[in-house]
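Take the sequence and the coordinates together. The walk below goes through helices first, then sheets.

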Amino acid sequence: MSKAIIWCRVSTTQQEFDSQKKDLIEQAIRDGFKKESDRIVIGEAGASAIKMNEVYQQEVDKLIEAIDTVSGVSTIYVWEVSRLARNEIAFYQMKDKIIKNRIQLICNVPQIKLLDDNGEVNHGMEITLNLLVTLAKQEMEIKMKRFDRGRRRKAAEGKWTGGTISYGYTVDFNRDRLIVRDEEKAQYVKEIYEKYEAGMSQAAIARDFFERGITEITLHQVNRILNNERYTGKMMIHGGAFERAFPPIITKEQYERCRKIADKNNLTLSKAKNVYYGDHIVRCYKCGKYCDVQGVCYHCYDAFNRLKSLSSATAKPNCDNHLCISANCMDSLLWYVAIEVETDYILNSAEKDRQLYQEKIKNLKAKFDNIEKRLAKCDEKRQRVRDVYLEGDLSIEERDKRYQKIELERHDILNEKIEYQNDIEHYENLIETVLGKYSFDDIESIEGNLKQIMKLSQQIASITDDKERSEIVHRHFKKVTYENATIEIEFKTGKRPARASFIKIYLYNDTVLYYYFVPNNGRNGGYFKADADGNVLNEIFPEYQRRFMDKGKIRRREEGRKLRKEYKEENYPKEKGYLYGVQEIAEFLEVRWATARFWVSPEGPGAKITKRIGRNIVVKRDELVDVLSKFTSKVAREAAERASRKL
Ligand SMILES: [Zn+2]
């Protein structure tokens with residue numbers, strides 16, 4: 001029974017495809033392919049234009065496969081020849097196949113029948129078909145070229161060809177879509193460049209616009225404008241293919257100058273960047289956003305985001321968590337806990353690794369032991385070959401051939417032996433040297449274990465590189481939060497409540513650790529380990545990491561120092577024979593600081609001549625020498641004698 005192939009070309013809409021398919025099927029039924037099993041339908045709707053070629057090739061492949069595998073294919077129905085034109089090679093491939101198999105091709109637009117009624121190829125039709133395909137292909141190419149050329153020319157002329165255009169420009173539809181400056185917005189662009197060049201920060205510029213009620217210029221927008229070279233009139237590759245000219249708003253030179261400023265800012269920014277151990281781990285307990293360090297404290301980025309109102313006209317910080325925690329205090333705790341966790345991690349995983357390596361060694365040793373047996377088998381084989389040869393059943397050539405084979409086998413086994421030997425040594429080495437760093441000799445004894453843990457944690461604690469420390473912190477800690485709490489702690493005067501930060505550290509291994517930090521505990525702040533319910537367990541003593549200093553504090557400290565110096569120089573100058581402070585006294589007498597302090601202390605010989613200015617001690621040199629020279633201590637008398645020569 002003969003069969004028909006209904007080849008529906010892909011087309012843009014399902015509707016069009018369906019109606020084509022229906023028409024072709026009806027045509028086939030009229031021609032006698034009445035049963036559904038008589039008809040093979042190829043093709044489907046909805047391929048994108050880019051994939052057209054691929055889809056077409058696939059369909060041709062299917063068609064050829066159907067002709068080859070299904071017996072009795074006699075007719076192919078297709079809707080439109082020009083649509084076959086996209087892939088010329090595939091088309092001729094298909095045509096060859098159907099002509100060779102004497103298959104009728106019936107096309108609707110234009111109406112073509114490839115074979116005459118006698119089954120012979122109608123050469124006129126064949127040529128028509130070829131021509132149509134070639135023409136269709138050419139037409140398509142010309143169309144595409146024309147289309148491209150048009151767009152390219154329009155873009156080069158500064159005409160809008162679709163897509164978004166930069167801020168500061170608009171499309172004049174009355175002048176054939178010419179891109180023109182939007183004068184008001186172009187003025188803003190100019191202003192942004194001028195202000196940036198004058199030294200204003202991008203945020204300050206955005207804030208300025210925001211305060212003037214020009215909310216469309218967000219911080220993001222300012223950044224984009226400062227990075228858009230189109231404002232110089234330069235043609236930019238747009239949409240991958242077309243260069244588009246814009247009327248210039250700023251000069252090329254100004255653009256370059258602003259780029260240089262930006263590069264410099266980026267450089268200083270990255271240089272000055274501090275390593276915060278809690279960076280991208282510490283999160284706001286309320287909104288869950290990351291906390292960042294502004295000044296010397298961690299706080300919720302969202303709640304403190306003063307720039308947020310500048311990045312969008314409507315957005316305001318959502319979070320009202322204004323809790324801060326000192327970066328020094330938080331990082332001190334994080335590093336302290338990280339040492340503990342890292343120690344534990346190394347010990348446990350090292351122990352796991354050790355077990356793994358020992359398992360490997362065990363397997364290798366078993367294989368190694370088997371080697372001797374395998375070698376013995378080789379010897380047996382060799383023996384047998386010799387026996388057979390001796391009995392005259394083997395030629396000398398055959399014997400040598402077999403010997404050779406056995407020899408190769410033996411060689412391989414010996415190689416394996418060396419390999420196993422090497423592997424065993426490697427793993428033993430790993431256990432001994434790498435893991436031996438944390439010697440496991442007496443892992444069984446608690447004492448040995450403790451010693452080991454201490455040794456290891458000391459090793460880790462001795463890491464000073466901030467980046468390395470931060471890496472360790474980040475290796476284990478997934479999230480850290482802090483919130484306010486009040487706990488009872490022991491002061492010198494007794495137990496009373498104190499304000500604290502309740503800190504939760506979430507580890508990657510699903511453990512959560514709890515701590516309190518009490519900023520004002522009568523000393524310099526204290527840390528306590530806690531449990532999940534917030535009960536205080538015990539005090540811990542992280543080494544305080546003084547890494548970030550409040551600039552104000554540093555300034556006040558320096559100012560105080562300066563004032564003290566001025567006071568001293570005005571009232572107790574060296575020229576008038578004053579010694580100000582224990583250090584100066586010790587240097588003058590050439591004795592240790594502690595000795596000098598004792599001699600001028602209330603219990604010492606120089607008590608009477610000592611003036612106290614705040615915490616400082618002032619003496620006159622001649623008086624001091626006089627007092628000490630009469631003192632009972634020989635050391636003092638000697639010092640006085642030495643010093644008297646300097647008077
Ligand atoms: Zn928050």
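How far apart are the end C-alpha atoms of helix α3, and what should its 13 residues span at 1.5 Å a residue? The end C-alpha atoms of α3 (residues 88–100) are 18 Å apart. The expected span is also 18 Å, so the two values agree. Bear in mind that this is a predicted model.

Now look around the axis of α3. Phe91, Met94 and Ile98 are buried. These three cover an arc of only 70° around the axis, which puts them on the same side of α3. The spacing rule behind such a pattern is simple. An α-helix has 3.6 residues a turn, so residues three or four places apart point the same way. Turn to the other side of α3. There Ile89, Tyr92, Asp96 and Lys100 are exposed. Arg102 follows α3, and its phi is positive, near 50°.

Next comes a pair of helices. Two packed helices are described by the angle between their axes and the distance between the axes. Take helix α5 (residues 183–197) and helix α7 (residues 219–226). Their axes come within 10 Å and cross at roughly 85°. That angle makes α5 roughly perpendicular to α7, because 65 to 115 degrees counts as such. Which residues make the contact between α5 and α7? On α5, the residues are Val189, Ile192 and Tyr196. On α7, they are Val222, Ile225 and Leu226.

Stay on α5 for one more residue. Gln187 lies in this helix. Is Gln187 buried, exposed or partly exposed? It has 13 other C-beta atoms within 10 Å, so Gln187 is partly exposed. The cut-offs make the reasoning plain: buried needs 20 or more such atoms, and exposed needs 12 or fewer. Ile250 is 63 residues away from Gln187 along the chain. In space, the C-alpha atoms of Gln187 and Ile250 are separated by 9.9 Å.

Now the sheets. One open sheet has 5 strands in the order β2-β1-β3-β4-β5, and its pairing is mixed. Its edge strands are β2 (39–42) and β5 (112–113), each of which pairs on one side only. Strand β4 (residues 104–109) runs antiparallel to β5, and 2 bridges join them. Within that pair, Cys107 has Ile112 of β5 as its bridge partner.

Move along to strand β14 (residues 477–491). Strand β10 (residues 282–284) runs parallel to β14, with 3 bridges joining them. Val282 has Val480 in β14 as its bridge partner. β14 also pairs with strand β15 (residues 494–507). Here the strands run antiparallel, and 14 bridges join them. Tyr482 stands opposite Ile503 in β15. For reading side chains in such strands, one rule helps. In a regular strand the side chains alternate between the two faces of the sheet.

End with another open sheet, this one of 3 strands. Its order is β19-β21-β20, and the pairing is antiparallel. Which strands form its edges? They are β19 (578–580) and β20 (611–613), each pairing on one side only. From one strand to the next, the twist averages 25°. β19 pairs with strand β21 (residues 616–620) in the antiparallel sense, over 3 bridges. To find this pairing in the model, start at Leu579, whose bridge partner in β21 is Val619.

Notes
Residues are numbered from 1 along each chain as its sequence is written. This is a predicted model: local features need pLDDT of at least 70, side-chain atom pairs count only at pLDDT 80 or more; totals for chains, interfaces and linings use all residues. Two strands pair if DSSP finds at least two bridges between them. Helices (H or I, at least four residues) and strands (E, at least two) are DSSP runs, numbered from the N terminus. Axes are lines fitted to C-alpha atoms, for helices over the stretch in contact, and angles run from 0 to 180 degrees between N-to-C directions. The expected span of a helix is 1.5 Å times one less than its number of residues. The arc is that of the directions from the helix axis to the C-beta atoms. Angles under 35 degrees count as roughly parallel, over 145 as roughly antiparallel, 65 to 115 as roughly perpendicular and the rest as oblique. Two residues are in contact if their C-beta atoms, placed from the backbone, lie within 7 Å.
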